[in-house]
Amino acid sequence: MLPSPRIKGWCPGAWRPMATGDGLLVRIRPPMGELSRQQMLALCEAAEAFGSGLIELTSRANFQLRGVTDTTWPSLMAFLVEHQLVSADPEAERQPQLMLAPHWQAGDDSPTIASRLQTRGSELAAMPGKVGIAIDAGKAPVLCDSAADFRIERSTEGGLLVRADGHTLGTAVSDIEAAVEQLIRLTHWFVESGGWDSGRMRRHTAPLPEWAPADTAPAASGAKLALGSHPAGQVVGLPFGRATASMLREMLRELVAPTSVTAVQVTPWRRLLVKQKLVQGDTAPAVDGLIRHNSDPRLSIDACPGAPYCEQASVATQPLAERLSGLKNSSVHISGCAKGCARRSPANVCLVGEGGRFNLIVNGAADSSPVRTDLTESEALDFVRKLIEIS
Ligand code: SF4
């Protein structure tokens, strides 16, 4: 028998979707951070057949289908399992999320480590649902700003290290097997030292054990993938992390040869790496609605789904974000409530919904103290425009 789909207050998945303002939210973790062309097409079909047709890309590099109902959810799950987008075993989803640094290739350390960790997944400690693992073993770490509790990275010396979030240094390890072993051991230390009470590693104040000395520096951070041409294909952006199934299908039609086996890698930056080599001299065709240029003003704005998509929101966020996107280059965050799902770090300007009106925060996060409260949408727009013009 299928489990009940209506679960709240838990990190949602596909087997444990979350009830939201527009129906059930079904989160899909792309296996190894990558979907084949056929899987991507299946995802688009699933979004339209069983949900509202909207697909989101989250800051943890997961896809989300919106607008699923209690009635369509069982058929959706059967479809996702059939296309290997979700494991048939609901227990697999209880394992911590693995986030791979994008632009990996077969034989690189990151996918090899991920594969070893998946094989040994049952040896990881049972941890709170939001705990995640970043596998970031390319030449330079690129996931430092993305949420993860334990990280496998490259050291300044070029070796591997395992780092607990909240610590600037990690523990050097000799090879891939040692990295996986160290990480598994750290998850057990986390739980035994009270990790369920702290919830996340960065809030966990217990001193690290002596077998995990934080004495090795990770290599300097690398840049995240720029939009446009890439040695492996094309990088495209989803405005505010969202697209319709038809936009993504169009993207595949324009950018991916039908014979491609491996097609799309996810990133935590609202960007997809569409793996397709263009013939030299070709320029990639534009795809309506998707972001193709690093100068696109929407890139400087973060906006959560807002109303009517999230039950916590009393204001619509994304239409306001669109209206603000022609402004001078300044970081802007529009949040449906003080939880601030779309952006953890401070923005130059942050508008936060409360009781159907907006609070204005300057140089802060969604839960910082506002400088103005109880603004209508047009008052909020005026304030933001003036602030950005004089900055
Ligand atoms: S910030 Fe608030 S309104 Fe926006 S998605 Fe998160 S919980 Fe919902």
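Where is the place of Lys339 in this chain? The model is a predicted one, and in it Lys339 sits in the loop that runs between strand S17 (332–335) and strand S18 (347–354). With a relative accessibility of 56%, Lys339 counts as exposed, because the cut-off for that label is over 50%. Lys339 also belongs to a group: together with Lys130, Arg202, Arg203 and Arg344, Lys339 makes up a positive surface patch.

Stepping back to the overall layout, the chain is split into domain 1 (104–203) and domain 2 (297–390). Taken over C-alpha atoms, the centres of domain 1 and domain 2 are 33 Å apart.

Salt bridges come next. Searching the whole structure turns up 19 salt bridges. One of them pairs Glu56 with Arg66, and the closest N and O atoms of this pair are 3.0 Å apart. Glu56 is part of strand S4 (residues 54–57) while Arg66 is part of strand S5 (residues 63–68), so the bridge ties together parts that are 10 residues apart in sequence. As for cover, Glu56 is buried, and Arg66 is buried too.

Another pair is Arg116 with Glu177, where the closest N and O atoms come to 2.7 Å from each other. This one links distant parts of the chain, with Arg116 in helix H3 (residues 109–119) and Glu177 in helix H4, 61 residues apart. Arg116 has a relative accessibility of 26%, so Arg116 counts as partly exposed. Glu177 is likewise partly exposed, with a relative accessible area of 37%.

Helix H4 (residues 176–192) also holds Ala178. Ala178 counts as partly exposed at 24% relative accessibility. Measuring from C-alpha to C-alpha, Ala178 and Phe63 are 31 Å apart in space, and their positions lie 115 residues apart in sequence terms.Helix H6 offers a pair within a single element. How far apart are Arg253 and Glu250 in helix H6? Arg253 and Glu250 both lie in helix H6 (residues 245–255), and they are three residues apart, which is about one turn of the helix. Their side chains meet in a salt bridge, with 2.8 Å from N to O. The two partners do not get the same label: Arg253 is exposed, with a relative accessible area of 55%, whereas Glu250, at 24% relative accessibility, counts as partly exposed. Some salt bridges also share partners, and in this way Asp22, Glu56, Arg66 and Arg242 are joined into one network.

Met247 is another resident of helix H6. Is Met247 buried or exposed? Met247 has a relative accessible area of 18%, and the cut-off for buried is under 20%, so Met247 is buried. The C-alpha atoms of Met247 and Ala263 are separated by 16 Å, and the two residues are 16 residues apart along the chain.

Back at the S4 and S5 strands, the loop between S4 and S5 contains Ser59. Ser59 is partly exposed, with 46% as its relative accessible area. Along the sequence, Ser59 and Cys341 are 282 residues apart, yet in space they are 9.0 Å apart, C-alpha to C-alpha.

The backbone has a few points to note as well. Which two residues does a cis peptide bond join? The residues are Ala307 and Pro308, and omega is about 5 degrees. Pro308 is located in the loop between strand S16 (301–303) and helix H7 (318–324).

Positive phi values in residues other than glycine turn up at Met32 and at Phe240. For Met32, phi is near 60 degrees, and this residue is in the loop between strand S2 (23–28) and strand S3 (34–36). For Phe240, phi is near 55 degrees. Phe240 is in a loop too, here between strand S12 (233–237) and strand S13 (242–244). With a relative accessible area of 7%, Phe240 is buried, because buried means under 20%.

Note on methods
Residues are numbered from 1 along each chain as its sequence is written. This is a predicted model: local features need pLDDT of at least 70, side-chain atom pairs count only at pLDDT 80 or more; totals for chains, interfaces and linings use all residues. Side-chain values use heavy atoms; hydrogens and water are left out. Patches are made of residues with over 30% relative accessible area and no salt bridge: like charges are joined within 9 Å, nonpolar side chains (Val, Leu, Ile, Met, Phe, Trp, Tyr) within 5 Å. Accessible areas come from the Shrake-Rupley method with a 1.4 Å probe; for residues, only the protein chains shown count as cover. A salt bridge is a side-chain nitrogen of Lys or Arg within 4 Å of a carboxyl oxygen of Asp or Glu. Lys and Arg count as positive and Asp and Glu as negative; His and the chain ends are not counted. The place of a charge is taken as NZ of Lys, CZ of Arg, CG of Asp or CD of Glu. Helices (H or I, at least four residues) and strands (E, at least two) are DSSP runs, numbered from the N terminus. Buried means under 20% relative accessible area, exposed over 50%, partly exposed in between (1.4 Å probe, protein chains only). Domain bounds come from an automatic or database domain assignment.
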